[in-house]
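The report that follows looks at charged pairs, surface patches and a few individual positions. Please keep the sequence and the structure in view while reading.

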Amino acid sequence: MAAITPSVLFPGYALLAAAEAAPSQGIFIPLADLVGLTAAEGDVATGDGRKVAYEVLRRIESSFSALPTTDRPTRMNVAVGTPTGINGNTVRRSYTLTFDVSISDTDMADEA
């Protein structure tokens, strides 16, 4: 099986060192915000894209769940599934993100 590096999932992906300039306009998530991800796992050429994706989803879910229910958007939901045993050492966990989208342009529908 081919390695799934972070850049396979996120073309243009870059792992920046402290104080390193961003290569272009983009979105920045500090490595420290992805608690379970190491710099080695996030390396562009040798890292594990699956681990990057997993830690991003974990962060989205934990931040969303920390919001008071009354402050959560009504047209977006994040849910984590019950772990399912695969074998004696492994469980499978699912994350579901749902968004209401506008039929006319398949972009997110406004909250109001």
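In this predicted model, Lys51 pairs with Glu55 in a salt bridge whose closest N and O atoms lie 2.9 Å apart. The two residues are separated by about one helical turn, because they stand four residues apart in helix H2, which covers residues 49-66. Glu55 also meets a second partner, since the side chains of Glu55 and Arg58 form a salt bridge at 3.6 Å, N to O, and here too the separation is about one helical turn, because Glu55 and Arg58 are three residues apart in helix H2. Through these shared partners, salt bridges join Lys51, Glu55 and Arg58 into one network.

The members of this network for which accessibility is given can be set side by side. Glu55 has a relative accessible area of 2% and is therefore buried, the cut-off for that class being under 20%. Arg58, with a relative accessible area of 34%, is partly exposed.

How many salt bridges does the structure hold? There are three in the structure, and one of them links Asp48 to Arg50, with the closest N and O atoms 2.7 Å apart. Asp48 is partly exposed at a relative accessible area of 24%, whereas Arg50, at 54% relative accessibility, counts as exposed. As a general point, side chains of opposite charge can pair when their charged atoms come close. The pairs and their distances are listed here.

| Salt bridge | N to O distance |
|---|---|
| Asp48 and Arg50 | 2.7 Å |
| Lys51 and Glu55 | 2.9 Å |
| Glu55 and Arg58 | 3.6 Å |

Charge also appears on the surface in another form, as Asp100, Asp105, Asp107, Asp110 and Glu111 make up a negative surface patch. Among them, Asp100 is placed in the segment after strand S4, which spans residues 95-99, and Asp100 counts as partly exposed because its relative accessibility is 36%.

A positively charged residue to consider next is Arg93, which sits in the loop between strand S3 (90-92) and strand S4. Is Arg93 buried or partly exposed? With a relative accessible area of 41%, Arg93 is partly exposed. Once residues up to four places away in sequence are set aside, Arg93 touches Val80, Gly81 and Pro83. For Gly81 the spacing can be stated in two ways, as Arg93 and Gly81 are 12 residues apart in sequence, while their C-alpha atoms are 5.9 Å apart in space.

Towards the start of the numbering, a nonpolar surface patch of about 320 Å² is made by Ile4, Val8, Leu9 and Phe10, and one of these residues, Val8, belongs to helix H1. Thr5 is located in the segment before helix H1, a helix that runs over residues 6-9. Thr5 counts as buried because its relative accessibility is 12%, under the 20% limit. Which residues are in contact with Thr5 when its neighbours within four places in sequence are left aside? They are Val44, Ala45, Gly47 and Gly49.

Methods:
Residues are numbered from 1 along each chain as its sequence is written. This is a predicted model: local features need pLDDT of at least 70, side-chain atom pairs count only at pLDDT 80 or more; totals for chains, interfaces and linings use all residues. Side-chain values use heavy atoms; hydrogens and water are left out. Buried means under 20% relative accessible area, exposed over 50%, partly exposed in between (1.4 Å probe, protein chains only). Contact means heavy atoms within 4.5 Å. Patches are made of residues with over 30% relative accessible area and no salt bridge: like charges are joined within 9 Å, nonpolar side chains (Val, Leu, Ile, Met, Phe, Trp, Tyr) within 5 Å. Accessible areas come from the Shrake-Rupley method with a 1.4 Å probe; for residues, only the protein chains shown count as cover. A salt bridge is a side-chain nitrogen of Lys or Arg within 4 Å of a carboxyl oxygen of Asp or Glu. The place of a charge is taken as NZ of Lys, CZ of Arg, CG of Asp or CD of Glu.
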